[in-house]
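Thanks for sharing this one with me. Here are my notes, written as numbered points so that you can go through them beside the coordinates.

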Amino acid sequence: MLENGFMMVVIILLINIVYVSFFTIRMILTLKGQRYLAAFLSMIEVVIYVLGLGLVLNNLNEIQNLIAYAVGYGIGVIVGMKIEEKLALGYITVNVITKEYDKNLPKVLREKGFGVTDWAAHGLEGDRMALQILTPRKFELKLYETIKGLDPKAFIISYEPKAIHGGFWVKSVKRGKLFS
């Protein structure tokens, strides 16, 4: 089967797509503190890597194999990123500054299951409301849609918190009662 040049290119391409996808996911798991899952994934990853690289190194005179390896690497980065987007591991914190002061806005967001802290703020053009919202990443787009639906001119900044400790909302997440 590996004698066929086309099949060799396809196999190398697929191996590298899988390898780099695993690599990307392992790095994300490592950054998220999932060390045992990351370690297990790295064992599979290195076997795939050695197989793909071995095929290329044993056939260095075939330039199409090297090209397939490089193309597979690039596609693997994209596939790995898409998988990570679907997994949406971790949490995000979203800071919102509303265009108008609307004391009903935090209540609406809390009813939808988001953890919200709000306070009065003052901007260049008058009174505003500042909100800090914590949510699992898988609900990020739902949160943005909700905010934009309630205040289309809201200023929104999001970031990923490194550590979360305390508060009633964290307890709700651990019990699996969020967004039920």
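The points below take up the annotated spans, the aromatic rings, the sheet and the salt bridges.

1. A word on the source before anything else: this is a predicted model. Please read every value below as computed from that model.

2. Let me start with the annotated spans. The unreviewed UniProt entry carries the annotation "transmembrane region" for residues 6-29, 36-57 and 63-81. In the model, residues 6-29 are 100% helix and 0% strand, with 35 Å between the end C-alpha atoms. Residues 36-57 are likewise 100% helix and 0% strand, and their end C-alpha atoms lie 31 Å apart.

3. Next, the aromatic rings. The whole structure contains three aromatic pairs. One of them joins Tyr19 and Phe23, whose ring centres lie 6.4 Å apart with 45 degrees between the planes, a tilted arrangement. Both residues belong to helix H1 (residues 5-31), and because they are four residues apart there, about one helical turn separates them. Is each ring buried or exposed, or something in between? Tyr19 is buried, at 10% relative accessible area, whereas Phe23 counts as partly exposed at 28%. The pairing extends beyond H1, too: ring pairs link Tyr19, Phe23, Tyr49 and Tyr73 into a cluster.

4. Now to the sheet. In what order do the four strands lie? The order is E2-E3-E1-E4, in an open sheet with antiparallel pairing. E2 and E4 are the edge strands, each pairing on one side only. Ignoring direction, neighbouring strands are turned by 20 degrees against each other on average.

5. E1 deserves a closer look. E1 pairs with E3 in the antiparallel sense over seven bridges, and with strand E4 (residues 155-159), also antiparallel, over five bridges. Ile97 is a handy residue to follow here: Ile97 stands opposite Ala130 in E3 and has Phe155 as its bridge partner in E4. Asn95, for its part, stands opposite Ile157 in E4.

6. One helix should be viewed together with this sheet. H5 lies across E1, E3 and E4. Relative to E1, H5 runs at about 10 degrees.

7. On to the charged side chains. How many salt bridges does the structure hold? There are seven. In one of them, the side chains of Arg137 and Glu84 meet at 2.6 Å, N to O. Arg137 sits in the loop between strand E3 (126-136) and helix H5 (140-150), and Glu84 in helix H3 (residues 63-87), so this contact ties together parts that are 53 residues apart in sequence. Arg137 is buried, at 16% relative accessibility, and Glu84 is buried as well, at 13%.

8. A further salt bridge joins Lys99 to Glu125, with 3.0 Å between the closest N and O atoms. Lys99 is in the loop between strand E1 (91-97) and helix H4 (105-111), while Glu125 is in the loop between strand E2 (115-123) and E3, so the pair ties together parts that are 26 residues apart in sequence. Lys99 is partly exposed, at 28% relative accessibility, and Glu125 is exposed, at 58%.

9. What does Glu125 do besides meeting Lys99? Glu125 also forms a salt bridge with Arg128, at 3.8 Å, N to O. Arg128 is buried, with a relative accessible area of 12%. Through shared partners, the salt bridges join Lys99, Glu125 and Arg128 into one network. If you display this network, colouring by accessibility will show an exposed Glu125 and a buried Arg128.

How values were computed
Residues numbered from 1 in each chain as written. Predicted model: local features only at pLDDT ≥ 70, side-chain atom pairs only at ≥ 80, totals over all residues. Heavy atoms only, no water. UniProt positions renumbered as here; feature names shortened; annotations may be inferred. Helix = DSSP H or I, 4+ residues; strand = E, 2+ residues; numbered from the N terminus. Salt bridge = Lys/Arg side-chain N within 4 Å of Asp/Glu carboxyl O. Buried < 20%, exposed > 50% of the residue type's maximum accessible area, 1.4 Å probe, protein only. Pairing = 2+ DSSP bridges. Phe/Tyr/Trp six-rings, centres within 6.5 Å; stacked < 30°, edge-to-face > 60°. Axes fitted to C-alpha atoms, helices over the stretch in contact; angles between N-to-C directions. Contact = heavy atoms within 4.5 Å.
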